[in-house]
Amino acid sequence: MSGTIFLVGPRAAGKTTVGRALAATLGCPFADTDLHLRESLGLSVAEVVAAEGWKGFRARESAALRELAARYAASAPQTSSAPRGAVIATGGGMVLAAENRRFMREQGTVFYLAAPAQALAARLSADPQAAQRPSLTGLAPTEEAARILAERQPLYEDAAHYTLDATARPEEICAQVLRLLRLARRHSPDQGHWR
């Protein structure tokens, strides 16, 4: 496994919050595929979907994943004591494409931030950025979260090396990630770059 960490999970699982905290703890860059798309296109997710449909957005999302992974795979010299790679938070639908799930597993370590639908719906309802995320089903937040989670949970699990409790505090999640990375490194000392 390389030094790149991918965070997967549904909307409002805390991928961006945890990702920033984890990157700061590890001393490596942080990237977010949705933020990368907004910055590179000058459009919100909702605006991209309105202009190009979900199919167009998913194609751009997949390209962003590969672009960010390539950017950070070579960001640190081989002789550097800093970890190579980055922490990359992905959009909730990134796992819909089998190629994306396979790519993330091959390119780094994938953590699934899992939370019950009720917790996700509560976070979405309280999120001022919710308007930038178009509804996936047209249902109320609780119903939508439950339906999407039921559909995507097997895909998150398929993509992930590890599953974490996203209802824990970010610092607790970071501590668990560090423990898992150390354990993985002990079992595969010739793989990975995390210390």
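This passage describes the aromatic ring contacts of a predicted model. Residues are numbered from 1 along each chain as its sequence is written, and side-chain values use heavy atoms, with hydrogens and water left out. Local features need pLDDT of at least 70 and side-chain atom pairs count only at pLDDT 80 or more, whereas totals for chains, interfaces and linings use all residues.

A search of the whole structure gave 3 aromatic pairs; rings of Phe, Tyr and Trp (its six-membered ring) pair if their centres lie within 6.5 Å. One of these is formed by Trp54 and Phe57, whose ring centres are 5.8 Å apart with the planes at 85°, so the pair is edge-to-face (planes under 30 degrees apart count as stacked, over 60 as edge-to-face and the rest as tilted). Both residues belong to helix H3 (residues 45-73), where a spacing of 3 residues separates them by about one helical turn; helices (H or I, at least four residues) and strands (E, at least two) are DSSP runs, numbered from the N terminus. Trp54 is partly exposed at 27% relative accessible area, while Phe57 is buried at 3%. Buried means under 20% relative accessible area, exposed over 50%, and partly exposed in between (1.4 Å probe, protein chains only).

The rings of Tyr112 and Tyr156 have centres 5.1 Å apart and planes at 25°, and the pair is therefore stacked. Tyr112 in strand E4 (residues 108-114) and Tyr156 in helix H6 (residues 141-159) are 44 residues apart, so that the pair links distant parts of the chain. Tyr112 is buried at 2% relative accessibility, and Tyr156 is buried at 1%.

Arg66 lies over the face of Phe103, at 4.6 Å from the ring centre; the criterion is NZ of Lys or CZ of Arg within 6 Å of the ring centre and within 35 degrees of the ring normal.
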